[in-house]
Amino acid sequence: MSAKVTIPNLDDVLSGLEKKAQQIDDAVAYAIQMAGLAVERQAKLNASTGVHKRGTKRIPGSGPGPNVITGNLRRSIRTKVVGFGDSYAAEVSASAIYARAVEKGLPEWNVVKYPYLEPAAVRLSDNGTLRRVFIQHFAEKIRG
């Protein structure tokens, strides 16, 4: 004994599934971007914790982060969403020529390190912010 199941509107069902898959893909890319922007904001805050004392010959460290003279480092921090295969990633980076030296330090030149980028990602990951941001924006995009 056998039973036959037919779906008379299979083309419509498959088309609907493709549209939903695209909607999910778009929502993931958007949510990843929003999570990356959260890291960007935190990194900019981290890079803003020093103070430049005008009129001094040497700029003394005056906070837990790098001295802010021009704001160039902060302005150079950007987020870019990249896709590879079936995955997305938010790349948060700083393009200022000295950005890596500030983050990692240069002991050979007595440049003190003031990590601002990595601690931003770790902090937001550890306290659950990245997860919350991703879920909130994914759900927002899916609901339309």
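These are my notebook entries on a predicted model, covering its overall layout, a pocket, its charged pairs and its aromatic rings.

**Entry 1: the layout**

I started with the whole chain. Its secondary structure comes to five helices and two strands. Reading along the sequence, I get the pattern α-α-β-β-α-α-α. I also looked up burial: of the 144 residues, 28% count as buried.

**Entry 2: the second largest pocket**

Next I went looking for empty space. Rolling a probe the size of a water molecule over the atoms shows where such space is left. I picked the second largest pocket, which has about 150 Å³ of space in it.

Which residues line the second largest pocket? I wrote down Ala35, Gly36, Val39, Ala90, Val92, Leu117, Glu118, Ala121 and Leu130. Sorted by type, the lining has seven nonpolar residues, one polar and one charged.

Then I checked which elements these come from. Helix H1 (10–46), strand E2 (87–94) and helix H4 (118–126) each supply at least two of the lining residues. H1 gives the most, with three.

**Entry 3: Ser125 and Ala35**

One of the lining residues, Ala35, came up again when I looked at Ser125. Ser125 is found in helix H4. Along the chain, Ser125 and Ala35 are 90 residues apart, yet 9.8 Å separates their C-alpha atoms. Ser125 counts as partly exposed because its relative accessibility is 46%, and the buried class needs a value under 20% while the exposed class needs one over 50%.

**Entry 4: salt bridges**

How many salt bridges does a search of the whole structure find? I noted two.

The one I took up to begin with joins the side chains of Lys44 and Glu40, at 3.0 Å from N to O. Both residues lie in helix H1, four residues apart, which is about one turn of the helix. Are these partners buried or exposed, or something in between? Lys44 has a relative accessible area of 22%, so I list it as partly exposed. Glu40 comes in at 10%, so it goes down as buried.

The other bridge is between the side chains of Lys104 and Glu118, at 4.0 Å from N to O. This pair links distant parts of the chain: Lys104 is in helix H3 (residues 99–104) and Glu118 is in helix H4, 14 residues apart. Lys104 is partly exposed because its relative accessibility is 45%. Glu118 has a relative accessible area of 48%, so it is partly exposed too. I had already met Glu118 in the lining of the second largest pocket, so I marked it in both entries.

**Entry 5: the aromatic rings**

A pair of aromatic rings is described by the distance of the centres and the angle of the planes, so I looked for both values. The structure holds one aromatic pair. Phe134 and Phe138 make it up, and the pair is stacked, with 6.0 Å centre to centre and 10 degrees between the planes. Why stacked? The planes are 10 degrees apart, and stacked pairs are those under 30 degrees.

Where do the two rings sit? Phe134 and Phe138 are both in helix H5 (residues 129–143), four residues apart, or about one turn of the helix. Phe134 has 25% relative accessibility, so it counts as partly exposed. Phe138 is at 25% as well, so I put it down as partly exposed.

**Entry 6: a charge over a ring**

I also found a lysine placed over an aromatic ring. The charged end of Lys141 sits over the ring of Tyr30, 4.8 Å from the ring's centre.

**Entry 7: Arg143 and Gln23**

My last stop was Arg143, which has its place in helix H5. Is Arg143 buried or exposed? At 67% relative accessibility it counts as exposed, because that class begins over 50%. I looked up a distance for it as well: the C-alpha atoms of Arg143 and Gln23 are separated by 9.8 Å, although their positions lie 120 residues apart along the chain, counted as a separation.

Terms used. Residues are numbered from 1 along each chain as its sequence is written. This is a predicted model: local features need pLDDT of at least 70, side-chain atom pairs count only at pLDDT 80 or more; totals for chains, interfaces and linings use all residues. Side-chain values use heavy atoms; hydrogens and water are left out. Rings of Phe, Tyr and Trp (its six-membered ring) pair if their centres lie within 6.5 Å; planes under 30 degrees apart count as stacked, over 60 as edge-to-face and the rest as tilted. Buried means under 20% relative accessible area, exposed over 50%, partly exposed in between (1.4 Å probe, protein chains only). A charge sits over a ring if NZ of Lys or CZ of Arg is within 6 Å of the ring centre and within 35 degrees of the ring normal. On a 1 Å grid over the protein atoms alone, a cavity is a set of points where a 1.4 Å probe fits but cannot get out, and a pocket is an open set with protein on both sides within 12 Å along at least five of seven lines; lining residues have an atom within 4 Å of a point. Grid points are joined across faces, edges and corners, and a volume is the space filled by probe spheres set on the points. Ala, Val, Leu, Ile, Met, Phe, Trp, Tyr, Cys and Pro count as nonpolar, Asp, Glu, Lys and Arg as charged, and the others, Gly among them, as polar.
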